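Here is a set of exercises to work through with the viewer open. Try each task yourself before reading its solution.

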Amino acid sequence: MKVAVFGTQFYEREYFNKYNIDLKHELVFFEESLNADSADLAKGFTAVCVFVTDKIDKNCIEKLAKLDVKLIDLRSAGYNNVDIESAKANNIKVLRVPAYSPQAVAEHAVALIMTLNRKTHKAYNQVHENNFSLQNLMGFNLYGKTIGVVGTGKIGRAFCSIMLGFGCKIIAFDIKENEQMKQSGVHFKTFDELLSESDIISIHCPLNEATNHLFDRKVFDKIKKGTMIINTSRGTIINAEDAIEALKSEKIGYLGIDVYENESDIFFKDRSQSVIKDDVFGRLSSFNNVLITPHQAFYTQEAVTEIAKITIKNFTDFEDNRVLENEVKI
Ligand code: NAI
């Protein structure tokens, strides 16, 4: 099958070509993101393969349908950037990689917590400057702290088991409570209880209408003073401007984010020679208790291998008219 791979990252060609056994599929890699303006590049392709930076809205989908594209295959778990209803209306299938390595993302969430808490990033720089003072490096024990987990799906569960190992008390909120997790020691609570009781809140729910700006001014008013907030899910779940106000009032004591509302204009490119024009991002990154990573939580050897294998399998399932086990349905 002929596939246009959009938003290609530097590491992806190697992995995709490796698992495209016998060159079964003709993969053409584009660095451009897919959106309504670039959709014409998909002319002559049966499928488009897209990443989190691509914006496949109604306009884009209607253009793809006119070009006779039959498949949108996401090489990500989240699918908030694709208008699923429009795809269905235009008879275009949408596939994704629902699980490739929940541990990769969960472990990165823990890395954000540990860095913010024990300030290893600051110590690293200090020691390079021959500054061996302990001033400003004090952290806190995770043992005995209350961790609030919002969304206890695959990543949330992996995160809970790591934090249980630290000796933390885990409380969780999900629209569907998980019996097995209750038995492992996770206590399900209402969202408001989670907000008022947690020392650290880690977000692992998907971005959808209900979670869009779920963490806003009203929510930040309900958290304990000094709470650490971690978001490795999707940027728009946190209202960034409200988070800035909560950081200024010290309601948020630490913020660790791997995702940012307007990240598609910033992340996944070396912009070290450019001026960042996003003032909200600029203000956020100016706080010394804010740690931002560039949507790298998934980026481990194991996860990238799985993404490539499952994405290629999705192409083959579609081409060979097999059951589409990774189809996004509404
Ligand atoms: P999942 O589908 O296994 O779990 C999501 C959980 O959130 C489910 O238990 C669901 O019931 C719950 N949920 C849905 N709506 C909710 C709400 N309003 N409030 C509370 N809980 C709610 O998904 P998985 O694999 O755990 O991934 C979670 C998210 O992580 C993805 O949607 C994606 O946005 C993000 N992600 C981020 C990556 C990164 O590199 N930073 C990589 C992979 C995923």
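Buried means under 20% relative accessible area, exposed means over 50%, and partly exposed is what lies in between. Keep in mind throughout that this is a predicted model.

**Exercise 1. A pair within one helix**

Task: Find how the side chains of Lys182 and Glu179 meet, and work out how exposed Lys182 is.

Solution.
- Step 1: Side chains of opposite charge can pair when their charged atoms come close.
- Step 2: For Lys182 and Glu179, the N to O distance is 3.2 Å, and the two side chains form a salt bridge. The cut-off for such a pair is 4 Å.
- Step 3: Both residues belong to helix 7, which covers residues 179-183; because they are 3 residues apart there, about one helical turn separates them.
- Step 4: Lys182 has a relative accessibility of 33%, so it counts as partly exposed.

**Exercise 2. Pairs that link helices**

Task: Decide which parts of the chain are tied together by the pair Asp192 and Lys222, and by the pair Asp242 and Arg217.

Solution.
- Step 1: Start with Asp192 and Lys222, whose side chains meet in a salt bridge of 3.4 Å, N to O.
- Step 2: Asp192 sits in helix 8 (residues 191-197) and Lys222 in helix 9 (residues 217-222), so this pair ties together parts that are 30 residues apart in sequence.
- Step 3: Check exposure. Asp192 is partly exposed at 40% relative accessibility, and Lys222 is partly exposed at 41%.
- Step 4: Move on to Asp242 and Arg217, which form a salt bridge at 3.1 Å, N to O.
- Step 5: Asp242 belongs to helix 10 (residues 240-248) and Arg217 to helix 9, so the parts joined here are 25 residues apart in sequence.
- Step 6: Asp242 counts as buried, with 10% relative accessibility, whereas Arg217 is partly exposed at 48%.
- Step 7: Now widen the view. Salt bridges with shared partners connect Lys24, Lys313, Asp317, Glu319, Asp320, Arg322 and Glu325 into one network. A search of the whole structure gives 18 salt bridges.

**Exercise 3. The ligand and its shell**

Task: Describe which residues are closest to the ligand and how much of the ligand's area the protein buries.

Solution.
- Step 1: The ligand is surrounded by 22 residues, and the closest are Tyr100, Lys154, Ile155, Asp174 and Thr232.
- Step 2: Sort the shell by character: 9 residues are nonpolar, 9 polar and 4 charged.
- Step 3: Look at the ligand's oxygen atoms. One lies 2.8 Å from a polar backbone atom of Ile155. An oxygen atom of the ligand is also found 2.7 Å from an N or O atom in the Asp174 side chain.
- Step 4: For nitrogen, turn to Asp258: an N or O atom of its side chain is 3.1 Å from a nitrogen atom of the ligand.
- Step 5: Finish with the area. The ligand taken alone exposes 870 Å², and the protein buries 87% of that.

**Exercise 4. Two surroundings to contrast**

Task: Say whether His108 is buried or exposed, then do likewise for Lys225.

Solution.
- Step 1: Place His108 in helix 4, residues 102-118.
- Step 2: Its relative accessible area is 11%, so His108 is buried.
- Step 3: List its neighbours, not counting residues up to four places away in sequence: His108 touches Thr232, Asp258, Thr293, Gln296 and Ala297. With Thr293, the His108 side chain makes a polar contact, side chain to side chain, at 3.0 Å.
- Step 4: Place Lys225 in the loop between helix 9 and strand 10 (227-231).
- Step 5: Lys225 has a relative accessible area of 62%, so it is exposed.
- Step 6: Leaving aside neighbours within four places in sequence, Lys225 is in contact with Ser249, Glu250 and Lys251.

**Exercise 5. Backbone angles**

Task: What is the phi of Asp22, and what is the phi of Asn321?

Solution.
- Step 1: Asp22 is not a glycine, yet its phi is positive, about 55°. Asn321, also not a glycine, has a positive phi of about 55°.
- Step 2: Asp22 lies in the loop between helix 1 (12-19) and strand 2 (26-29), and Asn321 in the segment after helix 12 (301-319).
- Step 3: Asp22 is exposed, at 75% relative accessible area; Asn321 is exposed, at 71%.

Technical notes: Residues numbered from 1 in each chain as written. Predicted model: local features only at pLDDT ≥ 70, side-chain atom pairs only at ≥ 80, totals over all residues. Heavy atoms only, no water. Helix = DSSP H or I, 4+ residues; strand = E, 2+ residues; numbered from the N terminus. Buried < 20%, exposed > 50% of the residue type's maximum accessible area, 1.4 Å probe, protein only. Near = heavy atom within 4 Å. Polar contact = N/O pair within 3.5 Å; in protein donor to acceptor, adjacent residues only side chain to side chain. Areas by Shrake-Rupley, 256 points an atom, 1.4 Å probe, with all protein chains shown as cover. Nonpolar A, V, L, I, M, F, W, Y, C, P; charged D, E, K, R; others polar. Contact = heavy atoms within 4.5 Å.
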